[in-house]
Amino acid sequence: MAFPSNEKLLEILKPVADRLGVVAERVETRPAGAKSTVVLVVDSDNDLGLDELEPVSQAASEALDEAEEGGVVSLGAGYTLEVTTPGVDEPLTKPRHWRRNRGRLVAFDADPFAPEGADAEAQQAEAKGKKKGGKKKPGAKGYRWRIGALDEAGEKVALVRGTKAGVEARALRLLGAPRAVVQIEFSAPPKGELAATERSFADTVNDSEE
């Protein structure tokens, strides 16, 4: 019996993650000599530390062993299990990704508030880091915002950034938003921006900005 596919392993491990209150994002397998490394990537609305990952790892290992003993899968000469969380360089694609990174700086590949119907070619050029029509490159200050609260439906996120006039806040609809990645900061974030991200969605943005 061949080593199980990532999809089959995820099918076995997803109920384990659900039971422990985390989300099984995906499973990756990496050959490592006679054995293989099975990587389970889990996520949550909140940061996951070692205390939260340890019981997931133990339960996942038991589930895989039971599946092999029951003839459901064959793990060959053995395996090494790693349980981890999504990397900081992975794009934010789900509401929980935004919730977990509340207060952090995020960079968009294109202007998240470009007018509807903006020239697609211009947007594509921006995503490749080119200048077109005098617009800023992706990742420039114009495309960087700090993540605030999500609305109750998880469809919009409040974004804030500092300006000369104070703190600007806008609401972004997640569906169709440009690719966004969290940025590593080497200095303390501005207090005004952080304070704005701690407010509720409704308090951060007003109806005219939605």
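The protein has six helices and eight strands, and the model described here is a predicted one. Read from the N terminus, its elements follow the order α-β-β-α-β-α-β-α-β-β-β-β-α-α. Of the 210 residues in the protein, 38% are buried.

## The nonpolar core

In soluble globular proteins, nonpolar side chains tend to be buried together. In this model the largest nonpolar core holds 24 residues, and the members that touch the most others are Leu13, Leu40, Val42, Leu64, Leu81 and Val83. At least two residues of this core are supplied by each of α1 (6-19), β1 (23-32), β2 (35-43), α2 and β3 (79-84). Helix α2 gives the largest share of the core, with seven residues.

## Salt bridges

Side chains of opposite charge can pair when their charged atoms come close. The count for this protein comes to 14 salt bridges, and three of the pairs are set out below with their N to O distances.

| Pair | Distance, N to O | Relative accessibility |
|---|---|---|
| Lys8 and Glu11 | 3.3 Å | Lys8 27%, Glu11 51% |
| Arg26 and Glu28 | 2.8 Å | Arg26 26%, Glu28 24% |
| Asp109 and Arg179 | 3.7 Å | Asp109 24%, Arg179 44% |

Lys8 and Glu11 both belong to helix α1, and because they are three residues apart in that helix, about one helical turn separates them. Lys8 counts as partly exposed at 27% relative accessibility, whereas Glu11, at 51%, counts as exposed because the cut-off for that class is over 50%.

In the pair formed by Arg26 and Glu28, Arg26 is partly exposed, and Glu28 is likewise partly exposed, with a relative accessible area of 24%.

The side chains of Asp109 and Arg179 meet at 3.7 Å, N to O. Asp109 lies in the loop between β4 (105-108) and α4 (120-127), while Arg179 lies in the loop between β7 (166-173) and β8, so this salt bridge ties together parts that are 70 residues apart in sequence. Asp109 is partly exposed, and Arg179 also counts as partly exposed, at 44% relative accessibility.

Beyond these pairs, a network of salt bridges links Glu25, Asp43, Arg96 and Arg100.

## Surface patches

Which residues form the negative surface patch? The patch is made of Glu62, Asp65, Glu66 and Glu69. Glu66 is part of helix α2, which covers residues 50-69, and this residue is exposed, with a relative accessible area of 55%. Helix α2, the element that gives the nonpolar core its largest share, is therefore also the helix that carries the exposed residue Glu66.

A nonpolar patch on the surface is formed by Val88, Ile184 and Phe186, which together have about 360 Å² of accessible area. Phe186 sits in the loop between β8 (180-182) and α5 (191-197), and with 80% relative accessibility Phe186 counts as exposed.

## Loop residues and their partners in space

Several loop residues can be described through a second residue that is distant in sequence, with the separation given between C-alpha atoms.

Gly21 is located in the loop between α1 and β1 and counts as exposed, at 57% relative accessibility. Although Gly21 and Ser44 are 23 residues apart in sequence, their C-alpha atoms are 7.9 Å apart in space.

Val72 has its place in the loop between α2 and β3 and counts as partly exposed, at 44% relative accessibility. The C-alpha atom of Val72 is separated by 9.6 Å from that of Lys8, which is 64 residues away along the chain. Lys8 is the residue already described as the salt-bridge partner of Glu11.

Where does Pro190 lie? Pro190 is found in the loop between β8 and α5, the loop that also contains Phe186. At 39% relative accessibility Pro190 counts as partly exposed, and its C-alpha atom is 7.9 Å from that of Gly162, with the two positions 28 residues apart in sequence numbering.

How values were computed. Residues are numbered from 1 along each chain as its sequence is written. Side-chain values use heavy atoms; hydrogens and water are left out. Patches are made of residues with over 30% relative accessible area and no salt bridge: like charges are joined within 9 Å, nonpolar side chains (Val, Leu, Ile, Met, Phe, Trp, Tyr) within 5 Å. Accessible areas come from the Shrake-Rupley method with a 1.4 Å probe; for residues, only the protein chains shown count as cover. A salt bridge is a side-chain nitrogen of Lys or Arg within 4 Å of a carboxyl oxygen of Asp or Glu. Lys and Arg count as positive and Asp and Glu as negative; His and the chain ends are not counted. The place of a charge is taken as NZ of Lys, CZ of Arg, CG of Asp or CD of Glu. Helices (H or I, at least four residues) and strands (E, at least two) are DSSP runs, numbered from the N terminus. Buried means under 20% relative accessible area, exposed over 50%, partly exposed in between (1.4 Å probe, protein chains only). A nonpolar core is a set of buried Ala, Val, Leu, Ile, Met, Phe, Trp, Tyr and Cys residues joined through side-chain atoms within 4.5 Å.
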